[in-house]
Amino acid sequence: MRWFVVCVVGAACVAAPAAAEPVLELGTGRQASAVTDAAGTLHVVSRDPAADRVPLRYCRVPAGGSACTPLEIARDAQWAPRLLLRPQDGMLIVVYPGLDAASQLRTMLVLSPDGGTTWTGATPIGAGLSEIDDAELSPDGAFVDTVASTATGEVQFQRVPLAAGLEQRVVSLGVKKDLLAPRVTHLADG
């Protein structure tokens, strides 16, 4: 008798899966990163390694929309970009490993203060990481915390400023013990 009661209660608690949204074709590219703003607009950045000078492209799809026109916002993107949305003011923030004006590998920054309509030029803000496995805004929105793993499995951390400056300090967090990419997160208390 108990088995039957548990089964009925369990069956009543199972919710039907949500209907899947249709797949949107946003253009060519790889290693996409996306955020959704308060209005439901989808913002996406990706790099296109098959194109000349590896452009970084941005695309915006309004809530209920079904297409977008990719816009090139930077060039020489060497690895996956990370798109972040600063909740304090809605600023779109893109960090990615790319080449600076002197062809040096740097953590580059591109900003949009107006929901993706306009973008700043690419600015170097960090040195020492060859890729970025994950990135998250600091709780105050003034920095981006980044993590990466090297070819030898060492996990590295760097906090890069959104204001002027080139951060060169990189903190080693030790060698990974698994195959998963490192991630960064902030606890509720910061």
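## Exercises on cores, sheets and a disulfide

Of the 15 residues in the largest nonpolar core, those touching the most other members are L56, I73, V94, Y96, V110 and W119. A nonpolar core here is a set of buried Ala, Val, Leu, Ile, Met, Phe, Trp, Tyr and Cys residues joined through side-chain atoms within 4.5 Å. Buried means under 20% relative accessible area, exposed over 50%, and partly exposed in between, with a 1.4 Å probe and protein chains only.

Before you start, note that this is a predicted model: local features need pLDDT of at least 70, side-chain atom pairs count only at pLDDT 80 or more, and totals for chains, interfaces and linings use all residues. Residues are numbered from 1 along each chain as its sequence is written, and side-chain values use heavy atoms, with hydrogens and water left out.

### Exercise 1: the cores

Find which elements give two or more residues to the largest nonpolar core, then list the contacts of I73.

Step 1. The elements in question are strand 3 (56–61), strand 4 (71–74), strand 6 (92–99) and strand 7 (105–112). Strands (E, at least two residues) and helices (H or I, at least four) are DSSP runs, numbered from the N terminus.

Step 2. Strand 6 supplies the largest share of this core, three residues.

Step 3. Now take I73, leaving aside its neighbours within four places in sequence: I73 is in contact with V45, L56, Y58, V94, V110 and W119. Contact means heavy atoms within 4.5 Å.

Step 4. Another core lies apart from this one; it has 13 residues, among them I93, I125, I132 and V144. As background, nonpolar side chains in soluble globular proteins tend to be buried together.

### Exercise 2: the sheet with strands 5 to 8

Work out the strand order of the open sheet that holds strand 5 and strand 8, and say which strands stand at its edges.

Step 1. The order is 5-6-7-8, and the four strands pair antiparallel. Two strands pair if DSSP finds at least two bridges between them.

Step 2. Strand 5 (82–85) and strand 8 (123–126) are at the edges with a single partner strand each, so one side of each has no neighbour in the sheet.

Step 3. On average, neighbouring strands of this sheet are turned by 35° against each other, direction ignored. For such angles, axes are lines fitted to C-alpha atoms, for helices over the stretch in contact, and angles run from 0 to 180 degrees between N-to-C directions.

Step 4. Go through the pairs. Strand 5 and strand 6 are antiparallel over four bridges, and L85 stands opposite L92 in strand 6. Their hairpin has six residues between the strands, and G90 takes a positive phi near 80° there.

Step 5. Strand 6 and strand 7 pair antiparallel over eight bridges, with G98 opposite R106 in strand 7. Five residues lie between these two strands in their hairpin, and S103 in the turn has a positive phi of about 60°. Strand 6 is mostly covered, with seven of its eight residues buried.

Step 6. Strand 7 and strand 8 run antiparallel and are joined by three bridges.

### Exercise 3: T107

Is T107 buried or exposed, and which residues is it in contact with?

Step 1. T107 lies in strand 7 and stands opposite G126 in strand 8.

Step 2. T107 has 1% relative accessibility, so it counts as buried.

Step 3. Leaving aside its neighbours within four places in sequence, T107 is in contact with V95, Y96, T123, P124, I125, G126, I132 and Q158.

### Exercise 4: the sheet with strands 1 to 4

Give the order of the open sheet that contains strand 1 and strand 4, and describe how strand 1 pairs with strand 2.

Step 1. This four-strand sheet has the order 1-2-3-4, with antiparallel pairing.

Step 2. Strand 1 (30–36) and strand 4 each have a single partner strand, so they stand at the edges with one side left without a neighbour in the sheet.

Step 3. Neighbouring strands here are turned by 30° against each other on average, direction ignored.

Step 4. Strand 1 and strand 2 (residues 42–47) pair antiparallel over five bridges, and S33 stands opposite V45 in strand 2.

### Exercise 5: the disulfide

Which cysteines does the disulfide join, and why is it right-handed?

Step 1. The whole structure holds one disulfide, counted as a pair of cysteine sulfur atoms within 2.5 Å.

Step 2. The disulfide joins C59 to C68, with S to S 1.4 Å.

Step 3. The torsion about the S-S bond of C59 and C68 is about 100°, so the disulfide is right-handed.

Step 4. C59 is buried, at a relative accessible area of 5%, and C68 counts as buried at 17% relative accessibility.
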